[in-house]
Amino acid sequence: MNTFKAPKGTYDLLPPDSATFLAVREAIAAPLRNSGYGYIETPGFENIELFARGVGESTDIVTKEMYAFETKGGDRLALRPEGTASVLRAALEANLHKTGNLPVKLWYSGSYYRYERPQKGRYRHFSQVGAEAIGAEDPALDAELIILADQAYRSLGLRNFRILLNSLGDKECRPVYRAALQEFLRGLDLDEDTRRRIDINPLRVLDDKRAEVQKQLDGAPLLSDYLCDACRAYHKEVRELLSAAGVVFEDDVKLVRGLDYYTRTTFEFVHDGLGSQSAVGGGGRYDGLSEMIGGPALPSVGWALGVDRTVLALEAEGVELDIPASTSVYAVALGDEAKQRLFALVTELRKAGVATDMAYGGKSMKAGMKNANRSGARFAVIAGERDLAEGVVQLKDMESGGQEAVAMDAVVTLLKDKLV
Ligand code: AMP
């Protein structure tokens with residue numbers, strides 16, 4: 001019979017590596033939870049129109065990378081390629097912005113899907129943890145989010161990442177810049193596809209990775225020269241707040257990012273050990289998005305950090321997270337009666353909050369102890385018929401190797417004490 005394989009561009013998360021994934025998610029979420037962000041979960045798919053409008057008709061994500069499908073009922077849906085549009089949709093739908101408590105601060109964690117050419121660090125199914133602060137225009141909020149991401153990465157022990165920062169202007173100054181850029185780009189020698197992009201989304205041409213395009217971009221007008229006074233002042237304040245917080249960043253006047261909805265502050269976290277897929281996270285302000293998807297004006301800012309790439313960044317830096325063994329106590333029984341008694345004891349230990357496992361499948365003592373060793377448990381609880389007769393179990397300290405007989409009814413209390 002054929003054996004099945006995970007679909008192209010995907011991989012399975014398996015123990016023990018999966019523990020690192022969970023720890024990364026947790027480390028990214030911790031600073032958010034600690035800063036007033038509430039957890040939100042939205043469906044894995046949405047009406048395709050939400051992404052077309054929210055992410056942008058001209059983006060690669062929408063034109064090439066979406067998993068779009070029609071349901072039996074005729075609904076046109078797409079697996080979510082990113083989180084912001086869905087989170088904003090959900091917040092608007094639930095009227096969270098009308099509670100008078102703005103900004104609405106939300107964080108999320110989940111799977112995202114993009115039909116991209118798979119390579120290391122680029123998958124068709126990947127995980128992000130993200131945060132959105134909806135309904136306030138305040139440089140301190142932009143700074144807060146960047147600081148929290150920085151804090152998350154640092155708490156994981158990452159050091160070789162850089163923060164790239166730019167302002168994309170607003171609806172006043174960006175159109176003026178856009179026109180100037182279009183004029184410049186039209187004078188270049190570019191292929192059909194790229195020329196089309198000049199009309200739809202000229203800023204994205206700046207993001208073109210090809211050397212022959214980049215070469216021609218020398219001398220292109222820079223958005224930083226076109227920012228209006230309000231955008232300039234806003235950006236200055238974001239930069240000052242970051243500096244005051246001791247967060248180091250680099251100004252990158254060419255940073256545009258792949259989604260259409262960004263305004264003003266944009267940023268990317270890049271890691272230097274990851275080769276071509278170096279962006280570990282990114283985000284920015286999206287003051288116009290709410291209106292684009294049918295809501296009121298709600299200036300907002302957010303980011304998403306990639307869990308897969310953060311794990312790769314840890315590997316690149318040789319950082320090993322300190323993940324405690326998941327099992328503290330491992331029980332090994334000899335004989336059926338001992339097995340029954342230990343099974344009851346294991347259940348009791350678990351109820352008491354002690355992480356406990358036991359040898360299953362009628363193993364020999366030797367095989368059972370091997371499992372106990374592999375589990376990383378601090379203590380093994382061993383019992384055979386003679387122990388039962390005496391009303392004891394053998395408690396083995398797996399670190400020192402020392403072993404003592406302990407009365408069966410005292411084991412739970414004793415282990416709880418020893419393990420705190
Ligand atoms: P983006 O919305 O494209 O800026 O994505 C935010 C973050 O998600 C990126 O910085 C990556 O860490 C991660 N990411 C995006 N696309 C992929 C992908 N195809 N595979 C793995 N991670 C991804």
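**View 1. Helix H5 in this predicted model has the length its residue count calls for.** At 1.5 Å a residue, the 17 residues of helix H5 (residues 139-155) should span 24 Å, and the C-alpha atoms at its ends are indeed 24 Å apart, so the two values agree. As this is a predicted model, every distance quoted in these legends describes predicted coordinates.

**View 2. Both ends of H5 are worth a closer look.** At the start of the helix, a side-chain oxygen of Asp 138 comes to within 2.9 Å of the backbone nitrogen of Ala 140. Just after H5, Gly 157 adopts a positive phi of about 95°.

**View 3. Which residues of H5 are buried?** From the beginning of the helix, Pro 139, Leu 141, Asp 142, Ala 143 and Leu 145 are among them. Further along, the buried residues include Ile 146, Leu 148, Ala 149, Asp 150, Ala 152 and Tyr 153. When you follow the pattern, keep in mind that an α-helix has 3.6 residues a turn, so residues three or four places apart point the same way.

**View 4. Arg 114 sits in the loop between strand E5 (104-113) and strand E6 (125-134).** Is this arginine buried or exposed? With a relative accessible area of 15%, Arg 114 falls under the 20% cut-off and therefore counts as buried. Its side chain reaches the backbone oxygen of Pro 81 at 2.8 Å. Leaving aside residues up to four places away in sequence, Arg 114 touches Ile 61, Glu 65, Tyr 67, Pro 81, Glu 82, Tyr 123, Arg 124, Phe 126 and Gln 128. Lys 64 is 50 residues from Arg 114 in sequence, yet their C-alpha atoms are 8.7 Å apart in space.

**View 5. The ligand is surrounded by 15 residues.** Here we meet Arg 114 again: together with Glu 116, Tyr 123, Gln 128 and Arg 257, Arg 114 is one of the closest. The shell divides into six nonpolar, four polar and five charged residues. E6, strand E10 (279-285) and strand E11 (300-306) each supply at least two shell residues, and E10 gives the most, with three.

**View 6. Backbone atoms of the protein approach the ligand at Gly 121, Ala 279 and Gly 281.** A backbone N or O atom of Gly 121 lies 3.5 Å from a ligand nitrogen. A polar backbone atom of Ala 279 is 3.1 Å from a ligand oxygen, and for Gly 281 a backbone N or O atom is 3.0 Å from an oxygen atom of the ligand. Of the 480 Å² of accessible area that the ligand has on its own, the protein covers 92%.

Technical notes. Residues numbered from 1 in each chain as written. Predicted model: local features only at pLDDT ≥ 70, side-chain atom pairs only at ≥ 80, totals over all residues. Heavy atoms only, no water. Helix = DSSP H or I, 4+ residues; strand = E, 2+ residues; numbered from the N terminus. Buried < 20%, exposed > 50% of the residue type's maximum accessible area, 1.4 Å probe, protein only. Contact = heavy atoms within 4.5 Å. Polar contact = N/O pair within 3.5 Å; in protein donor to acceptor, adjacent residues only side chain to side chain. Expected span 1.5 Å × (residues − 1). Near = heavy atom within 4 Å. Areas by Shrake-Rupley, 256 points an atom, 1.4 Å probe, with all protein chains shown as cover. Nonpolar A, V, L, I, M, F, W, Y, C, P; charged D, E, K, R; others polar.
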